[in-house]
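Visitor: I am new to this structure. Please pick one part of it and take me through that part closely.

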Amino acid sequence: MSSSYQRFSSGVVYLVGAGPGDPGLLTLRGRDLLSSADCVIYDYLADLSLLKYVPSDAEIIDVGKRPDRPMPQDEINEIILACAKRHERVVRLKGGDPMLFGRGGEEAMALVEHKIRFEVVPGVSSAIAVPAYAGIPVTHRGVSNTLTIVTGHRQGGGEGEMDFEALVRLGGTIVVLMGVAHRKAIAQGLIDAGMASNTPAASIQWGTKAAQKSWRGTVGELGEAPISSPSTIVIGAVASFNLVFFESRPLFGKKIVITRAPRQTGLLEGQLRLLGAEVVVAPSIDIAPPLDNYDSLDREISRIETYEYLIFTSVNAVEAFFSRIDDIRRLARLKLVAIGTSTQKAIESFQLRVDLVPREAHQEALLKEFPIDKGRVLYPRAEIVRDLLIGGLIELGHEVVDPIAYRNVDYDPSEIEIDAILGCDGICFTSSSSVVNFLKIYSKDRLPRSVFSIGPITTKTARDCGIEVSATADLHNLDGLVETLVAFFADDFPSVDRIG
């Protein structure tokens with residue numbers, strides 16, 4: 001039996017919902033499709049950090065509609081069609097859910113008309129998630145058992161205007177998307193249709209993001225409420241609920257820049273987002289294979305049994321090493337050494353026990369605690385490193401072999417990535433090289449007002465470069481760095497704006 005797909009072109013377009021803003025709300029299916037995409041066409045409201053999942057060689061196109069750059073839907077459709085004809089896997093990344101006021105149906109119809117295969121990947125809708133992040137359940141037993149989602153985009157006259165009498169008659173909760181510009185007409189229309197002017201109302205701007213700002217009041221006050229787009233408006237008894245969790249996180253409202261390599265942002269980025277921060281990734285370095293294509297590292301791995309110690313000083317070295325070894329059981333008799341808890345956790349993810357982690361995460365501390373019995377040490381390292389560790393181990397009587405496992409190379413940011421740094425509250429430096437490279441790539445003028453360092457060596461480098469460091473982590477690892485940020489911003493905690 002022939003497949004019905006034979007009548008379609010070879011390319012597939014995936015209409016993927018990116019969720020309302022918090023990148024953690026992207027579905028696993030959406031993440032997997034981004035990771036295998038040949039081309040990504042993304043909206044303005046899709047969080048830019050999601051692009052970290054996209055392969056480096058994929059085509060990336062911004063079709064976001066902004067006040068200063070309108071983008072007609074017909075033009076977007078043409079871009080999607082053109083990309084589908086030159087790529088096999090195209091992801092159309094849309095804010096929220098593609099089929100809820102996201103014009104996903106129009107894009108799907110264009111694809112059907114041109115016989116291009118497509119799939120829809122639903123996303124978490126802002127109509128439900130944004131109120132939840134503001135502490136508002138859109139339904140609640142005994143309070144509201146119906147939910148009506150409407151768009152305010154066409155209010156003020158013309159086709160598509162709300163049936164206010166029907167909305168008031170139905171009761172329950174009303175969620176208005178894209179209704180800020182016409183909020184006065186919406187509020188008045190509901191009141192004229194019989195809704196009490198003291199009915200609770202709320203508006204949440206930039207919902208699920210660190211910039212989230214909540215207004216609470218009544219329908220009678222909604223028309224003159226100090227709110228701006230993009231906002232989600234909630235009308236009904238549930239709008240009086242204040243089950244706050246997101247806006248009470250210790251780093252809520254803060255935008256923090258992290259400078260790690262694109263594939264190394266996960267742990268730090270995840271910790272900061274869990275604490276409520278919005279994370280801007282501005283890599284100052286990227287990771288590349290060694291120039292000898294791992295020949296030296298492979299040679300030493302082939303005789304790994306001749307070593308007594310295996311030292312890792314970074315997560316990058318761990319990942320490079322374990323990507324080359326054929327059987328980790330060959331490490332059974334070696335003593336494993338790690339600098340820093342992040343490196344330790346990376347090793348332990350392979351179900352291995354680390355024998356030595358110095359109390360402080362730097363080479364000097366390791367040399368003080370390293371065994372003095374002579375042995376062969378394998379030290380897979382970056383192309384450029386401080387020479388302290390190798391020399392110190394040799395002085396202790398050890399034989400050291402140090403194949404290059406990876407290279408730190410300059411990162412080439414886009415204009416969007418460069419502009420995203422502006423207006424941020426803080427920046428985290430996790431190494432001396434990240435400081436030097438950041439200044440080279442982005443310039444000192446783009447530094448946020450607060451600078452955080454993972455340890456004294458990084459702090460010294462920053463100060464030598466003329467940077468004032470706001471705080472240095474007492475515990476010289478990622479956990480310590482995060483604790484430092486929380487403590488620093490503890491007295492600068494935002495409050496929810498409540499009116500009425």
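**A sheet and the helix against it**

Guide: Let's start with one pair of residues: Leu15 has Arg92, in strand S4, as its bridge partner. This is a predicted model, in which local features need pLDDT of at least 70 and side-chain atom pairs count only at pLDDT 80 or more, while totals for chains, interfaces and linings use all residues. Residues are numbered from 1 along each chain as its sequence is written, and side-chain values use heavy atoms, leaving out hydrogens and water.

The names of the elements come from DSSP runs, numbered from the N terminus: helices are H or I runs of at least four residues, and strands are E runs of at least two. Strands S1 and S4 run parallel and are joined by six bridges. Two strands count as paired if DSSP finds at least two bridges between them. Strands of a sheet pair through backbone hydrogen bonds, either parallel or antiparallel.

Now widen the view to the whole sheet. It is an open sheet of five strands with parallel pairing, in the order S3-S2-S4-S1-S5. S3 and strand S5 (117-121) stand at its edges with a single partner strand each, so one side of each has no neighbour in the sheet. On average, neighbouring strands of this sheet are turned by 15° against each other, direction ignored. For such angles, axes are lines fitted to C-alpha atoms (for helices over the stretch in contact), and the angles run from 0 to 180 degrees between N-to-C directions.

Next, look for helix H2. What covers the buried residues of H2 includes four strands, S1 (12-17), S2 (39-42), S3 (59-62) and S4 (89-94), together with helix H3 (104-113). Contact here means heavy atoms within 4.5 Å. Buried means under 20% relative accessible area, exposed means over 50%, and partly exposed is in between (1.4 Å probe, protein chains only).

How far apart are the end C-alpha atoms of H2? They are 20 Å apart, which agrees with the 20 Å that the 14 residues of this helix (73-86) should span at 1.5 Å a residue. The expected span is 1.5 Å times one less than the number of residues.

Which residues of H2 are buried? They are Gln73, Ile76, Asn77, Ile80, Leu81, Cys83 and Ala84. These residues cover an arc of only 165° around the axis, which puts them on the same side of H2. The arc is that of the directions from the helix axis to the C-beta atoms. Turn to the face of H2 away from this buried side, and you meet the exposed residues Asp74, Glu78 and Lys85.

Finally, step back to see the chain around this part. The protein chain has 17 helices and 22 strands, and its C-alpha atoms fill a box of roughly 90 × 65 × 45 Å along the principal axes. Of its 500 residues, 51% are buried. Among contacts in the chain with a separation of 6 or more, 67% are between residues 24 or more positions apart.
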